[in-house]
Amino acid sequence: MTQTPRAKDMEKAITVINQVIKRFYMEIRLALDEYTSDRYYLLVNLVSNEITSKTFGRFTAAEMEFFKKVLFEIVCSENGYITSTECLNLNSVLPGNTTKSEVEILIDKFCRELWLCEKDGKIYLSLLGIVELEPLLSSVYKDYITTCLLCNHIVIQGYRCSECNILFHLYCVKHYCRRQMLVCPQCKADQPEMEAAVRHILSPDIDDDNFNTSNSASSSRKGKGVGKTSVRK
């Protein structure tokens with residue numbers, strides 16, 4: 001793919017920045033939203049792939065256990081999310097006198113810290129969360145996580161083959177449909193509904209070598225251009 005001058009300048013700038021911040025175990029990565037294919041530049045922590053006080057320093061041990069429970073339910077879900085009500089009912093790991101209102105405040109805190117996203121009454125793992133926690137998800141949750149056959153990155157939400165049930169990123173399917181017949185890349189079964197399933201996806205810029213997986217309808221922001229930046233404060 002031919003890059004625009006602006007994209008080339010951005011790539012050069014990120015390379016320079018990454019050379020400086022790698023001493024702090026940080027890195028800027030390009031990611032694509034699973035639902036919209038929007039591009040984001042993410043500041044990612046490379047120190048640990050575990051859910052510990054190092055990466056979750058603003059949360060108590062009980063709150064981190066709550067997040068682990070939410071994460072497990074999202075990963076194991078059929079659609080890559082759980083409802084807000086289901087999330088509220090996962091408060092068993094919190095102190096026994098924790099009210100539903102306090103759980104709502106905690107969920108909002110995880111959303112503000114960019115670990116979770118809430119949209120239309122559904123709770124998703126955020127774009128930044130899925131990229132930063134990918135090593136953890138691939139190891140600890142390997143029995144529940146699917147790797148997209150088309151890009152070899154994990155996928156939480158996407159297009160599911162009606163025959164073999166394997167999951168693909170929507171933007172990978174969009175790219176695949178431009179070059180291939182409408183068949184499953186895995187089992188080769190006809191998938192006439194595949195093109196309609198990705199019709200809302202803009203032409204994805206996925207020819208870059210450094211793109212990563214990302215999350216889903218959790219982002220309501222749309223737009224074109226070189227990309228957007230997500231930074232956890």
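User: A salt bridge is a side-chain nitrogen of Lys or Arg within 4 Å of a carboxyl oxygen of Asp or Glu. What is the N to O distance in the salt bridge of Glu65 and Lys68?

Analyst: In this predicted model, Glu65 and Lys68 are three residues apart in helix α2, so about one helical turn separates them. Glu65 is partly exposed at 38% relative accessible area, and Lys68 is likewise partly exposed at 29%. Their side chains meet in a salt bridge, with an N to O distance of 3.2 Å.

User: How many salt bridges does a search of the whole structure find?

Analyst: Side chains of opposite charge can pair when their charged atoms come close. One example is Arg29 with Glu27, whose closest N and O atoms are 2.6 Å apart. Arg29 is partly exposed at 23%, as is Glu27 at 27% relative accessible area. Over the whole structure, the number of salt bridges found is seven.

User: How many residues apart are Arg160 and Glu78, a pair that links distant parts of the chain?

Analyst: Arg160 forms a salt bridge with Glu78, with closest N and O atoms 3.4 Å apart. Arg160 belongs to strand β8 (residues 159-160), whereas Glu78 sits in the loop between α2 and β3; along the chain they are 82 residues apart.

User: Which strands stand at the edges of the open sheet, each with a single partner strand?

Analyst: Three strands form this open sheet in the order β3-β5-β4, with antiparallel pairing. β3 (residues 82-83) is paired with β5 (residues 122-125) over two bridges, while β4 (residues 116-119) is joined to β5 by four. One side of each edge strand is therefore left without a neighbour in the sheet, and these edge strands are β3 and β4.

User: Which residue in the turn of the hairpin of β4 and β5 has a positive phi?

Analyst: The register of β4 against β5 places Cys117 opposite Tyr124 and Lys119 opposite Lys122. Two residues lie between the strands of this hairpin. The turn residue with a positive phi, about 55°, is Asp120.

User: Which element gives the most to the largest nonpolar core?

Analyst: Nonpolar side chains tend to be buried together in soluble globular proteins. The largest nonpolar core here has 39 residues, and Phe66, Phe67, Val70, Leu71, Phe110, Leu116 and Leu137 touch the most other members. Elements giving two or more residues to this core include β2, α4 (100-112) and α6 (134-140). With seven residues, the element that gives the most is α2.

User: Is His169 buried or exposed?

Analyst: His169 lies in the loop between β9 (167-168) and α7 (170-177). A polar atom of the His169 side chain is 2.9 Å from the backbone oxygen of Ile154. Under 20% relative accessible area, a residue counts as buried. The value for His169 is 0%, and this residue is therefore buried.

User: What is the area of the nonpolar surface patch made by Tyr25, Leu46 and Val47?

Analyst: Leu46 is placed in the loop between β2 (39-45) and α2 (61-76). Membership of a patch requires over 30% relative accessible area, and Leu46, partly exposed, has 37%. Together with Tyr25 and Val47, Leu46 makes a nonpolar surface patch of about 290 Å².

How values were computed
Residues numbered from 1 in each chain as written. Predicted model: local features only at pLDDT ≥ 70, side-chain atom pairs only at ≥ 80, totals over all residues. Heavy atoms only, no water. Patch = residues over 30% accessible without salt bridge, like charges linked within 9 Å, V, L, I, M, F, W, Y side chains within 5 Å. Areas by Shrake-Rupley, 256 points an atom, 1.4 Å probe, with all protein chains shown as cover. Buried < 20%, exposed > 50% of the residue type's maximum accessible area, 1.4 Å probe, protein only. Polar contact = N/O pair within 3.5 Å; in protein donor to acceptor, adjacent residues only side chain to side chain. Pairing = 2+ DSSP bridges. Core = buried A, V, L, I, M, F, W, Y, C linked by side-chain atoms within 4.5 Å.
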